[in-house]
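Here is a set of short questions with worked answers. Try each one yourself before you read on.

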Amino acid sequence: MDLAYTPQEEEFRTELREWLARVLPGLPERPDPLDWPGRRAYDTTWQRMLYDAGYADLQREATPTQHLIFLEETERAGAPYVGANFVGLLHAGPTIAAEGTPEQQERWLPPILRGDEVWCQGFSEPEAGSDLASLRTKAVRDGDHYVVTGSKIWTSHAEVADWCELLVRTTPVTPDTPKHKGITWLAMPMDAPGITVRPLRTLAGSTEFAEMFLDEVRVPVANRVGAENDGWRVTMVTLSFERGTAFVGEVVACRRTLAEVAREARTNGTWDDPAVRRQLGRLNAEFMTLWRLTQWNVSEAQKTGGVPGVGGSVFKLRYSHARQELYDTAAEVLGPDAFDLDHDWTLDRLSSLSYTIAAGTSQIQQNIVAERILGLPKGR
Ligand SMILES: Cc1cc2nc3c(=O)[nH]c(=O)nc-3n(C[C@H](O)[C@H](O)[C@H](O)COP(=O)(O)OP(=O)(O)OC[C@H]3O[C@@H](n4cnc5c(N)ncnc54)[C@H](O)[C@@H]3O)c2cc1C
């Protein structure tokens, strides 16, 4: 991996920087963080602007380095992040690009890139989180449709989504069919009859995710990505994007927040505390290392056809903890203001608690690192 930027890449950076300086002042005001329809409208407007300017599909059309430059520059300029487009852009879309048929790619990828359609993820169930392969939502074939019945939980953005990447059981578990052999990956239209979405409120007050009840929902067989009962393999592709590359933009954001926390410490005098300085220095080293790891993961993924490897688990494990430590340090610097719910860092601190759970808990990432990278024996 070459970490130096070529003249062409620097030219890409300059053009992007100029474009951002031109368009960002024209963006509408950011909606209230708790207003999900408003957030969808805002995030998809931004996505459309990226699309029109040719920056929407950098994962496939640009070099990995250009993609990282894009993340650095958009973050530096304070541009919006993917927001409600997270699932579509960062893991459902990449999965369809890697595993879908040409017709499926033609149907779903352009609307994701244009910001016309938002996706959610229907994987977890009340009894199937870490042990995802135990999922019970069943799909029964009826002609050219699957009839889907069951329930999902923690479905982020379900309230505002047009499509759901849905895992269903197409073959019951038997002594001859292990649980991960009977799973299928479907694209479910969220306006199909039989879907009930019940929003769940987080600690921070947001209804960013929901319970989803499915009562004989008819999903065309043509919406199946991968073969019937081969959904576990397709799921591994989705999860490797979710853990490997989906959070990379946020590392840049954390580095910016860290610099702001250090500025605040200098202003309010907490900088005089050696423990605070030590913690800020350690976090700075941590996020620099995570950024290097990101560069490595992205460039390795490009070599293997764009699908990130198991190194994503190392990144996800360390990143989610570093993010929590960042906001704990921010709270120390803020003092009593850390309890002010109107302060961005307070809400970000609350939401940072979810990072060691979402996209696979830290214990599960540790198991993956132990078994698949270090080659240690499976736990019982
Ligand atoms: C903010 C957020 C957004 C989310 N968005 C979505 C979404 O859009 N779509 C979706 O499908 N899901 C989503 N999830 C769900 C998430 O994937 C699950 O919460 C996660 O996989 C853990 O599953 P669980 O909650 O059932 O916990 P459990 O699996 O019940 O785990 C409970 C505890 O046991 C530990 N544990 C379980 N098994 C093992 C093991 N084998 N070894 C060691 N420890 C173990 C876990 O680490 C955890 O500490 C989201 C979660 C959060 C927090």
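**The ligand and its surroundings**

Q: How many nonpolar, polar and charged residues does the shell around the ligand have?
A: This is a predicted model. The shell around the ligand is sorted here by residue class. Its counts are seven nonpolar, ten polar and one charged.

Q: Which residues come nearest to the ligand?
A: There are 18 residues around the ligand. Five of these come nearest. They are Ser124, Ser130, Trp154, Thr361 and Gln363.

Q: How far is a polar side-chain atom of Thr361 from an oxygen atom of the ligand?
A: Thr361 is among the residues that come nearest to the ligand. One of its polar side-chain atoms lies by a ligand oxygen, at a distance of 2.6 Å.

Q: What part of the ligand's area does the protein bury?
A: Start with the ligand taken alone, which exposes 970 Å². The protein then covers part of that area. The buried part is 65%.

Q: Which elements give two or more residues to the shell around the ligand?
A: Two or more residues from one element are needed to make this list. One entry is a strand and the other is a helix. They are strand 3 (145–156) and helix 12 (362–373).

**Domains**

Q: Into which domains is the protein divided?
A: Follow the chain by residue number. The division gives domain 1 (7–114), domain 2 (119–229) and domain 3 (247–373).

Q: Why does the ligand lie between domain 2 and domain 3?
A: Look at where the shell residues come from. Domain 2 (119–229) gives residues to the shell, and so does domain 3 (247–373). The ligand therefore lies between these two, domain 2 and domain 3.

Q: How far apart are the C-alpha centres of domain 2 and domain 3?
A: Take the C-alpha centre of each domain. The separation between the centres of domain 2 and domain 3 is 30 Å.

**Trp154 and Gln121**

Q: How far is a polar backbone atom of Trp154 from a nitrogen atom of the ligand?
A: Trp154 has its place in strand 3. Its backbone, through a polar atom, faces a ligand nitrogen at 3.0 Å.

Q: Is Trp154 buried, partly exposed or exposed?
A: Buried needs under 20%, and exposed needs over 50%. The relative accessibility of Trp154 is 48%. That value falls in between, so Trp154 counts as partly exposed.

Q: What is the phi of Trp154?
A: Most residues other than glycine have a negative phi. Trp154 is not a glycine, yet its phi is positive. The value is near 65°.

Q: Which residue's side chain joins that of Gln121 in a polar contact of 3.1 Å?
A: Gln121 also has a backbone N or O atom 2.7 Å from a nitrogen atom of the ligand. The side-chain partner is found in helix 7 (residues 231–244). That partner counts as buried, at 7% relative accessibility. It is Glu242.

**Cysteines**

Q: How many disulfides does the count come to?
A: A disulfide is a covalent bond between the sulfur atoms of two cysteines. Two sulfur atoms must lie within 2.5 Å to count. Cys120 is in no disulfide, as its nearest cysteine sulfur, that of Cys164, is 3.8 Å away. The count comes to zero.

Q: Is Cys120 buried or exposed?
A: Buried means under 20% relative accessible area. Cys120 has 0%, so this residue is buried.

**Other residues**

Q: Is Glu216 buried or exposed?
A: Glu216 has its place in strand 7 (residues 209–220). Its phi is positive, about 50°, although Glu216 is not a glycine. Exposed means over 50% relative accessible area. The value for Glu216 is 55%, so this residue is exposed.

Q: How far apart are the C-alpha atoms of Thr207 and Ala158?
A: Thr207 is found in the loop between strand 6 (195–200) and strand 7. Thr207 is buried, with a relative accessible area of 15%. Along the chain, Thr207 and Ala158 are 49 residues apart. Their C-alpha atoms are separated by 9.6 Å.

Q: How far apart in space are Arg349 and Arg136, C-alpha to C-alpha?
A: Arg349 is found in helix 11 (residues 344–352). In sequence, Arg349 and Arg136 are 213 residues apart. In space, the distance between them is 34 Å.

Notes. Residues numbered from 1 in each chain as written. Predicted model: local features only at pLDDT ≥ 70, side-chain atom pairs only at ≥ 80, totals over all residues. Heavy atoms only, no water. Near = heavy atom within 4 Å. Polar contact = N/O pair within 3.5 Å; in protein donor to acceptor, adjacent residues only side chain to side chain. Areas by Shrake-Rupley, 256 points an atom, 1.4 Å probe, with all protein chains shown as cover. Helix = DSSP H or I, 4+ residues; strand = E, 2+ residues; numbered from the N terminus. Nonpolar A, V, L, I, M, F, W, Y, C, P; charged D, E, K, R; others polar. Domains from an automatic or database assignment. Buried < 20%, exposed > 50% of the residue type's maximum accessible area, 1.4 Å probe, protein only.
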